[in-house]
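Reader: I am new to this structure and should like to discuss its backbone. May I put some questions to you?

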Amino acid sequence: MLAQVPKLERRVLLAAIVVSVVHLLLIAYAALFLGISVPDCITDKAAFAEPAFITHGPKHYEVHLNARMWMYQPNYIKLPTGSRLDIFLSAKDVQHGLFIEKTNVNLMAVPGAIANATVTFRQPGRYQMICHEFCGIGHQDMQGTIEVVDGLAAAEVAGISKEAIRDANAGAKDELAAVVETAPSDPGKKLYETKGCAACHSLDGSKLVGPSFKGLYGSQVKLADGSTRQADDAYIKQKISDPMSMVVAGFSPGLMPKMQVSAEELNTLVDFIKAQK
Ligand code: CUA
C-alpha cells in the first residue's frame, strides 16, 4: 500500500511524523525537566478569588494573587531561593495581565476566571510583576515585586491582611509558622505602598490619577459640587473609607477602590499624609 504512494509524498509524510514526535518529546522535556506547566482549567473559582498566601512546606508556597486597578494584592513577596510558587490569579474589576520578569509566567487576569501557573525561582534576584494588559489610566504603574533571597528561612509577604497569610501545616512544624508580614520601617509609608495609594497619589506634587499628597493636609480642597473643604483628619478618613463621597474638582469619581483598612491603619495613613508638607 505504502509502495503506491509517490516517493515525494512518502518523504513529506515521514517529515510530518518526525516533526510531530520531536514536538511531543520537547513538550515532555519542558514539562518533566524544565518544570514548565500549561495553565489549568479551574472550575471552583471561589476558593481563589480573594488574596491569600499559603505556606505548604519549606520552599513551597501558594499565592492567590488579586489584580485590580492598579495594584496586585499581595504586591510584595520575598521567597527563599529555590522556592516553588503556585500562582492563582484573579481580577477584581477589569481585565489585567501578569508577567513575571525572567520567568515564563505570562497570564491574563479576566474577571470571573482564575489563571494558574507554577514557577520555581532557582536564582536569587528581584522579579517584577508587571501588568501587561492596558487596564486604564493607572496601568503603567501597576506592578509588584517578588524578591528571591539566599538563606531566608520563610517567605515574607506584604500588601494583604494578616489573616490572608496562612500556613497549611499550622502547628505541625513550628519553623514554617514564621511567615510574616514584612516589618514596616515607616508604617505610614508601608501602608501608602502596600494599600496601593502610591499608584494614584504622588508625594512630589505631580498630578496622577488622584491628587498629590504633597501639601494636601490642611489645604482648602475644591470639590466638584463647587464647595470648598479643609483637608483635615475627618476629610481624609472619609475619603479613604468612602472614596465616592466629596469628589475633588478636576478628578474623575469612582476610580479609587474602597480600601480594607482598620481604624488603626486609618490613623497611620492620616499621620503619613499630614507629614507630606
Ligand atoms: Cu492592570 Cu494594566
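Author: Certainly. Helices (H or I, at least four residues) and strands (E, at least two) are DSSP runs, numbered from the N terminus. Please bear in mind that the model is predicted.

Reader: Between which two strands does Pro74 lie?

Author: A cis peptide bond, with omega at about -5°, links Gln73 to Pro74. Pro74 belongs to a loop, and the strands on either side of that loop are β3 and β4 (76-80).

Reader: Which residue is joined to Met69 by a cis peptide bond?

Author: The bond in question has an omega of about -15°. The partner of Met69 is located in the loop between β2 (60-68) and β3 (71-73). That partner is Trp70.

Reader: Is Lys59 buried, partly exposed or exposed?

Author: Lys59 is not a glycine, yet has a positive phi of about 65°. Its place is the loop between β1 (52-57) and β2. Buried means under 20% relative accessible area and exposed means over 50%, with partly exposed in between. Because the relative accessibility of Lys59 is 40%, this residue counts as partly exposed.

Reader: Why does Met246 count as buried or exposed, and which of the two is it?

Author: Met246 sits in the loop between α3 (233-241) and α4 (263-274). Although Met246 is not a glycine, its phi is positive, at about 45°. The cut-off for buried is under 20% relative accessible area. Met246 has a relative accessibility of 19%, and therefore counts as buried.

Note on methods:
Residues numbered from 1 in each chain as written. Predicted model: local features only at pLDDT ≥ 70, side-chain atom pairs only at ≥ 80, totals over all residues. Heavy atoms only, no water. Buried < 20%, exposed > 50% of the residue type's maximum accessible area, 1.4 Å probe, protein only.
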